[in-house]
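Q: Please choose one part of this structure and take me through it slowly, in connected prose, as you would for someone new to reading models. I would like to follow what surrounds that part and what kinds of residues are involved.

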Amino acid sequence: MRTMTRYVDEDLHGAEFRECDLTGARLIGVVMQDAVIDGLVTNLVVNGVEVSEYVEAELDRRHPVRVLLRSEDPADLREASRQLHAGWAATIERIRRTPGIERRSVNDEWSAVQTMRHLVFVHDSWFRRCCLGSTELFTPMGIGPTVEPYREAHGLDLSLDPALDEIVSVRDAQAAELEAWLDEVTAVQLAAPAPVPDDDVWPPYARGRSVRQCLRTVLNETFEHHRFCVRDLDLIEAQR
């Protein structure tokens, strides 16, 4: 186990921490202006004040669908899925008004088409595999994790460069599949153990979770990546 790195009197101006585990990190006597924190943040204390609840409440106010995402009621989850799909549809129409913007990125983030290709993968892995128990290969255009052996496995083909319309067509079909399933699923089925196939395919840590927990991953990913996509589209358009 590595000991915690201590930075004393260091200039970290402009530093970026990406995909880092900062659990238990302590920032004492620091100067932090114009900083951005984006991720799974809980129990965050700033100058003696626990601010996570304030942040969560504000996010719920800005995005009421988040409340539905946390529900155990199938009707709420159906409505959440419908709202998420409608939000993405509106953003796709926004993208079409500026041809080429779908392939632009800022701050080393995914472009819009890369983001949607990742959601293709999320649906195949967390919904079809974990909620339905499917062993079918993933849709080739999907973009999954960067780690081996999952980076380009189980049908993924990173050499592909699909057009926006092709990606949208696949995402629409996936949304229709999810909606049809949600129309029939019950609370009892959601609470059951996820039927994850017993093989070495992503996600390896899904076993032992409930169907509801796996579905929540799908819906949360759909929501969060839409938020990221809109954020970056705003930045790109501001630059123009």
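A: Helices here are runs of at least four residues that DSSP assigns as H or I, and they are numbered from the N terminus. The model is a predicted one, and the part to follow is helix α7, which covers residues 211-239.

A good place to start is the partner helix α3, residues 74-96, whose axis comes within 11 Å of the axis of α7 and crosses that axis at roughly 25°. Because angles under 35 degrees count as roughly parallel, α3 is roughly parallel to α7. The way in which α3 passes α7 is a left-handed crossing. On the side of α3, the contact is made by Leu-77, Ser-81, Leu-84, Gly-87, Trp-88, Thr-91, Arg-94 and Ile-95. On the side of α7, the residues in this contact include Arg-212, Leu-215, Leu-219, Thr-222, Phe-223, Cys-229, Leu-233 and Glu-237. Sorted by class, the contact of α3 with α7 has 10 nonpolar, 6 polar and 4 charged residues.

Helix α5, residues 164-184, is another partner, and it packs with α7 at an angle of about 145°, their axes being 13 Å apart. This crossing, too, is left-handed. Arg-171, Leu-178, Trp-181 and Leu-182 of α5 make the contact with Val-211, Leu-215, Leu-219 and Thr-222 of α7, and by class this contact has 6 nonpolar, 1 polar and 1 charged residues. If you compare the two contacts, you will find Leu-215, Leu-219 and Thr-222 of α7 in both of them.

With these partners in mind, consider the spaces that α7 helps to line. The second largest pocket has a volume of about 260 Å³, and among its 19 lining residues the closest to its centre are His-85, Trp-88, Arg-171, Ala-175 and Thr-222. Of these, Trp-88 and Thr-222 also take part in the contact of α3 with α7, and Arg-171 and Thr-222 take part in the contact of α5 with α7. At least two lining residues of this pocket are supplied by each of α3, α4 (112-129), α5 and α7. The lining divides into 12 nonpolar, 5 polar and 2 charged residues.

The structure also holds 1 cavity of 30 Å³ or more, and the largest cavity contains about 40 Å³ of space. Its lining is made of Ile-101, Arg-104, Trp-110, Ser-111, Ala-112, Cys-229, Asp-232, Leu-233 and Ile-236, and the largest share of that lining, 4 residues, comes from α7. By class, the lining of the largest cavity divides into 6 nonpolar, 1 polar and 2 charged residues. Cys-229 and Leu-233 therefore deserve a second look, as these two residues of α7 line the cavity and also belong to the contact with α3.

Finally, it helps to look at the chain leading towards α7. In the loop between α6 (187-191) and α7 lies Pro-203, which is joined to Trp-202 by a cis peptide bond with omega of about 5°. Most peptide bonds are trans. A cis bond is also found between Glu-148 and Pro-149, again with omega of about 5°, and Pro-149 lies in the loop between α4 and α5.

Note on methods:
Residues are numbered from 1 along each chain as its sequence is written. This is a predicted model: local features need pLDDT of at least 70, side-chain atom pairs count only at pLDDT 80 or more; totals for chains, interfaces and linings use all residues. Side-chain values use heavy atoms; hydrogens and water are left out. Axes are lines fitted to C-alpha atoms, for helices over the stretch in contact, and angles run from 0 to 180 degrees between N-to-C directions. Angles under 35 degrees count as roughly parallel, over 145 as roughly antiparallel, 65 to 115 as roughly perpendicular and the rest as oblique. A crossing is left-handed if the near helix is turned anticlockwise from the far one by less than a right angle, and right-handed if clockwise. Contact means heavy atoms within 4.5 Å. On a 1 Å grid over the protein atoms alone, a cavity is a set of points where a 1.4 Å probe fits but cannot get out, and a pocket is an open set with protein on both sides within 12 Å along at least five of seven lines; lining residues have an atom within 4 Å of a point. Grid points are joined across faces, edges and corners, and a volume is the space filled by probe spheres set on the points.
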